[in-house]
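Trainee: I would like a close look at one strand in this model. Could you take me through its surroundings step by step?

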Amino acid sequence: MINESLKIQNVVIVGTGLMGTGIAQVAIESGVNVTVVGRTEEKCNSTKAKISTGLARSAKKKFADSEETQSKYVESALANLEFATDLADINLAESDLIVEAIVENLKVKQKLFSDLERVVSDKCIFATNTSSFQLKDVSCKLGRQDNFAGLHFFNPVPAMKLVEVVRGDETSDEVYDALFSFCQRLGKTPVRCKDTPGFIVNRLLIPYLLDAMKMAERGDAEIKDIDTAMKLGTSYPMGPFELLDYIGLDTMKFIVDGWHQRYPEDEKFVPCAMLDRLVSEGKLGKKTGEGFMKYDSTPRRG
Ligand code: NAI
């Protein structure tokens, strides 16, 4: 049973990239009040446009027969959405949950949470969407640890059912249960996991993606053949290179470099030149219009 004080209704999402946009969309569709924090007005406007497109797609699926119902659905979801470019402009005292979905950089994440801790109320829960850091590293500068947990959503958030709800060593039962219920309210399937590197999915997935790149680098097989083989041979919906482009090669590089630094002896986390080269050329995958493959759509900036 969740304590009344931990019911989650007012949510702040920091980050206007792939993940912040997706989390905001599913939350407003579920009747949650959301304020998205972006670094510039331009980023906020472009995120609002993306969310509107996502909502229209979702409405079309739900109410194929009625354009009027579709418009009402989109309108009512958008009524739950606000934007801010400055934390000072948000009523943080009323916020029940802050979801951090900014760049995978430990120092930047630590600073954001330290800034937030000074201004939020005691009831506010902090959640990080980090893919690769341990919670204890993200939260180490904070005075409170019991209100801190991981909400690891998957990309694209509107389509992916899973959320790993990560329990830190000191996360309270109340906070953990409130987050678990919150994910269910968003229509997701939460799973419980502990604060270990990569949690469940990435701990298994990242070494696999690295191996695929190393296989192509050695010339053992072509990229397109590796993708086809893994799709048809295992029934995975995407091949490893398609998935890498989808995740974002910069995010992948952050993860690999971080784990390699922390576990230099572990062969599974040794970086690969192919990934480093594409990132240095700004080819970050779907979001920039090119990664391992080229994409027709307009390049997307986070
Ligand atoms: P993204 O690159 O699409 O967006 C990053 C966001 O961080 C942008 O809004 C950008 O403006 C902001 N940002 C960049 N530098 C910043 C700074 N110095 N201060 C404040 N904000 C800054 O990245 P994406 O994919 O949305 O990832 C966000 C988080 O979610 C990362 O921690 C990532 O590891 C995690 N994640 C990513 C997944 C993926 O498949 N892309 C899946 C699950 C988690």
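Mentor: We start with one strand and then widen the view. Keep in mind that this is a predicted model.

Take strand S6, residues 148-153. Is S6 buried or exposed? Count its residues: 6 of the 6 are buried, so S6 is largely enclosed by the rest of the structure. Here, buried means that 20 or more other C-beta atoms lie within 10 Å of the residue's own.

Now look at the side chains. In a regular strand they alternate between the two faces of the sheet. In S6, Phe148, Gly150 and His152 point one way. Ala149, Leu151 and Phe153 point the other way. Both sets are buried.

Next, the partners. Which strand runs parallel to S6? That is S5, residues 125-128, paired with S6 over 3 bridges. One place to find this pairing is Phe126, whose bridge partner in S6 is Phe148. Strand S7, residues 162-167, runs antiparallel to S6, and 5 bridges join the two. Here, look at Phe153, whose bridge partner in S7 is Val163.

Now step back to the domains. The domain assignment gives domain 1 as 4-194 and domain 2 as 202-288. UniProt, in an unreviewed entry, annotates residues 10-196 as "domain: 3-hydroxyacyl-CoA dehydrogenase NAD binding". That span is 40% helix and 21% strand. Its end C-alpha atoms lie 29 Å apart.

For residues 198-295, UniProt lists "domain: 3-hydroxyacyl-CoA dehydrogenase C-terminal", again from an unreviewed entry. This span is 61% helix and 0% strand. Its end C-alpha atoms are 29 Å apart.

How do the two assigned domains meet? Their centres, taken over C-alpha atoms, are separated by 27 Å. At the contact, 7 residues of domain 1 touch 10 residues of domain 2. The domain 1 side of this contact divides into 2 nonpolar, 4 polar and 1 charged.

Last, the cores. The largest nonpolar core has 54 residues. Ile13, Ile23 and Leu179 have the most contacts inside it. Helix H1, residues 18-29, gives the largest share of this core, with 7 residues. Find Ile13 on the structure. Setting aside neighbours within four places in sequence, its contacts include Ile23, Ala24, Val34 and Val99. There is also a second, separate core of 22 residues. Among its members are Ile206, Leu209, Met213 and Ala216.

How values were computed: Residues are numbered from 1 along each chain as its sequence is written. This is a predicted model: local features need pLDDT of at least 70, side-chain atom pairs count only at pLDDT 80 or more; totals for chains, interfaces and linings use all residues. A nonpolar core is a set of buried Ala, Val, Leu, Ile, Met, Phe, Trp, Tyr and Cys residues joined through C-beta atoms within 7 Å. A residue is buried if 20 or more other C-beta atoms lie within 10 Å of its own, exposed if 12 or fewer, and partly exposed in between; C-beta atoms are placed from the backbone. Helices (H or I, at least four residues) and strands (E, at least two) are DSSP runs, numbered from the N terminus. Two residues are in contact if their C-beta atoms, placed from the backbone, lie within 7 Å. UniProt positions are given in the numbering used here, feature names are shortened, and annotations may be inferred rather than shown by experiment. Domain bounds come from an automatic or database domain assignment. Ala, Val, Leu, Ile, Met, Phe, Trp, Tyr, Cys and Pro count as nonpolar, Asp, Glu, Lys and Arg as charged, and the others, Gly among them, as polar. Two strands pair if DSSP finds at least two bridges between them.
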